[in-house]
Amino acid sequence: MNLEACCRAYEARFAQAWPRLIREWQAEGADAFWLISHASYLFRTANVRWGVDLTLRTGAMLEEIAPRCAADLAPLSFVLTTHFHGDHFSPRLCEQLAGNDTRWILPDFMPPELREKALQAGVRTQFVRVGETLSLDGCRICVLSGHHYDDGGEHGVPACAYAVQTQERLLFFPGDVRDYRARPQPDCVGADALFAHVWLGRSRAALPLSETFLENYCDYLAKAQAKDVYFTHLNDYSRKPEEVWTQRHAMAAARGLRARQPGVRTAIPVIGREQRL
């Protein structure tokens, strides 16, 4: 796999798709979401527009749409951030939107240098802790503990998860989970939708599937008993090959989950395309 070529092709397709994506997202319509990166979401629920882990994965993507970014994302009410890896938080995009009314919901463990940059840029920030509950534009948001550590805590970073109750459904964002012994928070069991980031072992993406990791991952998801599960965190071509999870991995996880939880609906959203909730 030529990752550099894949990345360039992806950036070109994304730049072409951006105007259509924004038109769809800004329009009145049914509840839906759009992936704008492998783990970055724009939502429209009850015609309120919001985001989760808003970032554009590569500098080239941001450069391409930078002149129109603030105007295109002006309707954005708030953005939830789970943690501060570069594929989940973009200081530059955050600063570009500082002139908008968008409120950035940021975990209180935000690194001091990023916090200072955001405050200096005039970004509307609200720092939150695990256990807090917010009400924003008709959405009830619970800040939950994330599970972004693996290898007994040797690798990973602090992270939050979120449960978002919209007018019509409960959405669960566990974020990047690395410890599948964890149990989904009780308030999220039976959620209408769960956004599952695919990860089947450190540096194992290019190897044959690990049945142990796959079983542990599917067991974790089945504990949540969500009605719909969306598999994301795929095709991040800016990573090394051994860290690029693909549809092959997501399809295996979907099969494993359906075997454990008959009746669950699974989907693998495509970046840039509308996905109805």
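Asp236 is buried in this predicted model, at 5% relative accessibility. Its salt-bridge partner is Arg239, with the closest N and O atoms 2.8 Å apart. Arg239 itself is partly exposed, with a relative accessible area of 24%. Below is a quick tour of the other salt bridges, then helix H5 and a buried histidine.

**Salt bridges**

- The count for the model comes to 16 salt bridges.
- Asp31, Glu168 and Arg169 end up in one network, joined by salt bridges that share partners.
- Over in helix H2 (residues 59-72), Asp72 pairs up with Arg68, and the closest N and O atoms sit 2.6 Å apart.
- Those two are about one helical turn from each other, because they are four residues apart in H2.
- That fits the usual helix geometry: with 3.6 residues a turn, residues three or four places apart point the same way.
- Asp72 counts as buried because its relative accessible area is 9%, which is under the 20% cut-off.
- Arg68, on the other hand, is partly exposed at 34%.
- Lys227 and Asp192 make another salt bridge, with 3.7 Å between the closest N and O atoms.
- This pair ties together distant parts of the chain, 35 residues apart: Lys227 is in the loop between H5 and E14, while Asp192 is in the loop between strand E12 (170-173) and E13.
- Both ends get some solvent: Lys227 is partly exposed at 41%, and Asp192 is partly exposed at 23%.

**Helix H5**

- H5 covers residues 211-224, so 14 residues in all, and runs 20 Å from its first C-alpha to its last.
- That reach is close to the 20 Å expected at 1.5 Å a residue.
- Its buried residues are Leu214, Tyr217, Cys218, Tyr220, Leu221, Ala222 and Ala224.
- Among the elements covering those buried residues are strand E13 (193-197), strand E14 (228-232) and helix H6 (247-260).
- Right after H5 comes Gln225, which has a positive phi, near 50 degrees.

**His88 and its surroundings**

- You'll find His88 in the loop between strand E4 (78-80) and helix H3 (91-96).
- His88 counts as buried because its relative accessibility is 0%.
- Leaving aside residues up to four places away in sequence, His88 touches three other histidines, His83, His197 and His233, and two aspartates, Asp53 and Asp176.
- The rest of its contact list is Ala39, Leu54, Thr55, Thr81 and Thr82.

Definitions and conventions: Residues numbered from 1 in each chain as written. Predicted model: local features only at pLDDT ≥ 70, side-chain atom pairs only at ≥ 80, totals over all residues. Heavy atoms only, no water. Buried < 20%, exposed > 50% of the residue type's maximum accessible area, 1.4 Å probe, protein only. Contact = heavy atoms within 4.5 Å. Salt bridge = Lys/Arg side-chain N within 4 Å of Asp/Glu carboxyl O.
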